[in-house]
Amino acid sequence: MKKFFLFLSVLVLLVGLFTYYQYQKKWSYPNYIDREPVAGNQVNYGNYKIASTTMVGVIENMDTYEFQTDIQVVWNSGAVTNFIPILQERPMAVSVVDINYDGRDDIEIIVSAGAYNAMSYFYTFDISKNTFVEYLKRDGYVTIDAQKKELRTFFKGRGIGDLYSKELYTFVNNTWELRQQEIQDIANYDIMSTDSSDVVYYVRTVTDFENGTSSKKAVTYYKVELPADSFEDFIEVSKSELVQKGILK
């Protein structure tokens, strides 16, 4: 009987140690928490096809983790290129665009960036390294006009869409240059920008850039009377009205 209890005690101890080891391993080493496909298998993209893409969560500790997308690119020649970009947020989609206008396809990985936004990572192929390398990263939803060589971003400030920032880039001298930035914000957060008449005031700032330097800035003020059918129904007002309301000095 004593041998039985001794054997049972050792078994419980071993099970406990194994469970503790697995727990520590889970939070200390890369751990596959998801295998959802980001893009379908065997998708043809001109010069190559993406044969396999999966999202992998790399857990660093109890509180933080990173995402990486395991991408296998199969070229028309039959050669295979693998690269694993580390991302800040969860990958949502993979697309192809010639981001640097060199005539070769490049890869865009779109990731989730909070409840309302996204972020785009662009990768170009480095012949010397025989793999794709990060070329450009932009916050917000990205749209590209290939003919005009324009890249636009839209970053929503909150769910109702009344706060936002927009940026316009043009491809000049083999690089993307910021040309214009538009930001719409509430005029005064301290009093929630709402007076006794239930009117919300906003300030919209549009800044033009040349050679990376601000060249012109235009500031306009708007209000929305509540309840409103849409927060896009802005009425332009003068700065003096906001001064009179005590919102601006």
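How many salt bridges does the structure hold? The structure holds 7 of them, and I will come back to several of these pairs after a general look at the protein, keeping in mind throughout that what we have here is a predicted model.

Let me begin with the overall picture. The protein has 249 residues, of which 36% are buried, and its secondary structure consists of 16 strands together with 2 helices. If we take the contacts between residues at least 6 apart in sequence, 34% of them join residues that are at least 24 apart. The exposed surface comes to about 15300 Å², and carbon and sulfur atoms supply 52% of that area.

Turning now to the interior, the largest nonpolar core is made up of 15 residues, and those with the most contacts inside it are Val-73, Phe-83, Ile-107, Ile-109, Tyr-123 and Phe-132. The elements that contribute two or more residues to this core are β3, covering 65–75, β7, covering 106–113, and β8, covering 117–126. Phe-83 is a useful residue to select on the screen, since, with neighbours within four places in sequence left aside, Phe-83 is in contact with Thr-69, Asp-70, Ile-71, Val-73, Ile-107, Tyr-123, Thr-131 and Phe-132.

Next, a residue in a loop. Ile-160 sits between β11 (150–156) and β12 (164–172), and is Ile-160 buried, partly exposed or exposed? Its relative accessibility is 48%, and because the cut-off for exposed is over 50%, Ile-160 counts as partly exposed. The C-alpha atom of Ile-160 is separated by 9.8 Å from that of Tyr-116, although the two residues are 44 apart along the chain.

In strand β12 itself we find Thr-170, which counts as buried because its relative accessibility is 14%, under the 20% cut-off. Residues up to four places away in sequence not being counted, Thr-170 touches Lys-149, Glu-150, Thr-175, Trp-176, Glu-177 and Arg-179.

Two of those contacts of Thr-170, namely Glu-177 and Arg-179, bring us back to the salt bridges. In general, side chains of opposite charge can pair when their charged atoms come close. The side chains of Glu-177 and Arg-179 form such a bridge, at 3.4 Å from N to O, and the partners differ in exposure, because Glu-177 has a relative accessible area of 17% and is buried, whereas Arg-179, at 25%, is partly exposed.

A second bridge joins the side chains of Arg-104 and Asp-102, with 3.2 Å from N to O. Here Arg-104 is partly exposed at 39% relative accessibility, and Asp-102 is likewise partly exposed, with a relative accessible area of 33%.

The last pair I would like to show is Glu-241 with Lys-223, where the closest N and O atoms are 3.4 Å apart. Glu-241 belongs to helix α2, residues 239–244, while Lys-223 belongs to strand β15, residues 213–225, so this bridge ties together parts that lie 18 residues apart in sequence. Both Glu-241 and Lys-223 are buried. Which residues are linked with this pair in a network of salt bridges? The network consists of Lys-223, Glu-225 and Glu-241, and that is where I will stop.

Methods: Residues numbered from 1 in each chain as written. Predicted model: local features only at pLDDT ≥ 70, side-chain atom pairs only at ≥ 80, totals over all residues. Heavy atoms only, no water. Helix = DSSP H or I, 4+ residues; strand = E, 2+ residues; numbered from the N terminus. Buried < 20%, exposed > 50% of the residue type's maximum accessible area, 1.4 Å probe, protein only. Contact = heavy atoms within 4.5 Å. Areas by Shrake-Rupley, 256 points an atom, 1.4 Å probe, with all protein chains shown as cover. Core = buried A, V, L, I, M, F, W, Y, C linked by side-chain atoms within 4.5 Å. Salt bridge = Lys/Arg side-chain N within 4 Å of Asp/Glu carboxyl O.
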